[in-house]
Amino acid sequence: MMNRGSKGIAISFILGLVSVLLTLSSMSPKAETLPLATATTSMSTVTQTENSTESELSLPLTTPPQQVAQSPLPYDARLIDIRKVNPKIALDIRYATTNNFLKRKLYSTSRCVLRGAAVRRLSQVQQDLEKKGLGLKVFDCYRPLSVQKLMWQVKPDSRYVANPKNGSRHNRGAAVDLTLVDRNGKELQMPTGFDDFTVKAHRNYTGASAQARKNSKLLEDAMKKYGFIPLPTEWWHFDAPGWDKYAILDVSFGAIP
Ligand SMILES: [Zn+2]
């Protein structure tokens, strides 16, 4: 009787231990990479200051924004400045200038920040292109949600700007806008300029010059090789693989190392 009793206790102890371990392994930093749930909860984080009741409700499920940059998060999910990994990638961060379709400077600094996994892949694309005497020039990377809201204020038209309610993949640090340059840093001819929201920028548009189409295809193939997903309506836009696993963020550039 005693034996059976203590066996029972031992078994339930082991079962308890296993369930604790399982719970622990499903918690934090991985919680940040949960799909839709985190997207909406981080949206609520942003509204925390306006509505404390909502923040209390959403808090347990949310990754504090500063952790995304600083980090108990694994490298792949962290926000990383591309310059730290591959300084050869050229930058022309348009929203840090007035040279954009809104004619307004929206970023405080000219930086390309992406999730670590995307930074690593982009660096590999650059290395491949260098063998052909080419390189990448980046127009936009991670975009804080507050900037998305500002864009929406200026241009509340979903043909041009993603509604901040749903967020943009740029807000997840998992999308990049870019073009090709030659070894002198000169942009290769493409079907349109950046942020041309007409059918001419669509990947299936056949009216561009043969050279522009060839260059656009070259960029597309180079990006696809490392898993980037081309957006059909913008030749310059690519999503990082697994973009939906990353939450929408509102970390300011100043808070990212
Ligand atoms: Zn884009």
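**Exercise 1. Helix length**

What span should the 15 residues of helix 6 have at 1.5 Å a residue, and how far apart are its end C-alpha atoms?

Solution. The model is predicted.
- Step 1: helix 6 covers residues 116–130, which is 15 residues.
- Step 2: the expected span is 1.5 Å times one less than the number of residues, and for helix 6 this gives 21 Å.
- Step 3: the end C-alpha atoms of helix 6 are 21 Å apart, which agrees with the expected value.
- Step 4: the check can be repeated on helix 8, where 15 residues should span 21 Å and the end C-alpha atoms are 21 Å apart, again in agreement.

**Exercise 2. The faces of helix 8**

Find which residues of helix 8 are buried, and state where they lie around the helix axis.

Solution.
- Step 1: a residue is buried if 20 or more other C-beta atoms lie within 10 Å of its own. In helix 8 the buried residues are N215, S216, L219 and M223.
- Step 2: viewed down the axis of helix 8, these buried residues fall within an arc of 95°, so they line one face of the helix.
- Step 3: the other side of helix 8 carries exposed residues, namely A210, K214, K217 and D221.
- Step 4: the cover over the buried residues of helix 8 includes helix 6, strand 5, strand 6 and strand 7.

**Exercise 3. Helix 6 and the nonpolar core**

Which residues of helix 6 are buried, and which element gives the most to the largest nonpolar core?

Solution.
- Step 1: the buried residues of helix 6 are A117, A118, V119, R121, L122, V125 and Q126.
- Step 2: these buried residues pack against strand 1, helix 5, strand 3, strand 4, strand 5 and helix 8.
- Step 3: the largest nonpolar core has 47 residues, and those with the most contacts inside it are V113, L114, A118, L122, V138, C141 and V176.
- Step 4: two or more residues of this core come from each of strand 1, strand 3, helix 6, strand 4, helix 7, strand 5 and helix 8. Helix 6 gives the most, with 5 residues.
- Step 5: take V176 as an example. Not counting residues up to four places away in sequence, V176 touches L114, A118, L122, V138, C141 and F238.

**Exercise 4. Three loop residues**

For E234, K103 and D195, give the loop and decide whether each is buried, partly exposed or exposed.

Solution.
- Step 1: E234 is in the loop between strand 6 and strand 7. Because E234 has 17 C-beta neighbours inside 10 Å, it counts as partly exposed. An unreviewed UniProt entry annotates E234 as "active site".
- Step 2: K103 is in the loop between strand 2 and strand 3. K103 has 9 other C-beta atoms within 10 Å, so it is exposed.
- Step 3: D195 is in the loop between strand 5 and helix 8. D195 has 19 other C-beta atoms within 10 Å and is therefore partly exposed.
- Step 4: now look at the backbone angles. Most residues other than glycine have a negative phi. K103 is not a glycine, yet its phi is positive, about 55°. D195 also has a positive phi, near 60°.

**Exercise 5. The chain as a whole**

How many helices and strands does the chain have, and what percentage of its residues is buried?

Solution.
- Step 1: the secondary structure consists of 8 helices and 7 strands.
- Step 2: of the 257 residues in the chain, 33% are buried.
- Step 3: among contacts between residues at least 6 apart in sequence, 70% join residues at least 24 apart.

Definitions and conventions:
Residues are numbered from 1 along each chain as its sequence is written. This is a predicted model: local features need pLDDT of at least 70, side-chain atom pairs count only at pLDDT 80 or more; totals for chains, interfaces and linings use all residues. Helices (H or I, at least four residues) and strands (E, at least two) are DSSP runs, numbered from the N terminus. A residue is buried if 20 or more other C-beta atoms lie within 10 Å of its own, exposed if 12 or fewer, and partly exposed in between; C-beta atoms are placed from the backbone. Two residues are in contact if their C-beta atoms, placed from the backbone, lie within 7 Å. The arc is that of the directions from the helix axis to the C-beta atoms. A nonpolar core is a set of buried Ala, Val, Leu, Ile, Met, Phe, Trp, Tyr and Cys residues joined through C-beta atoms within 7 Å. UniProt positions are given in the numbering used here, feature names are shortened, and annotations may be inferred rather than shown by experiment.
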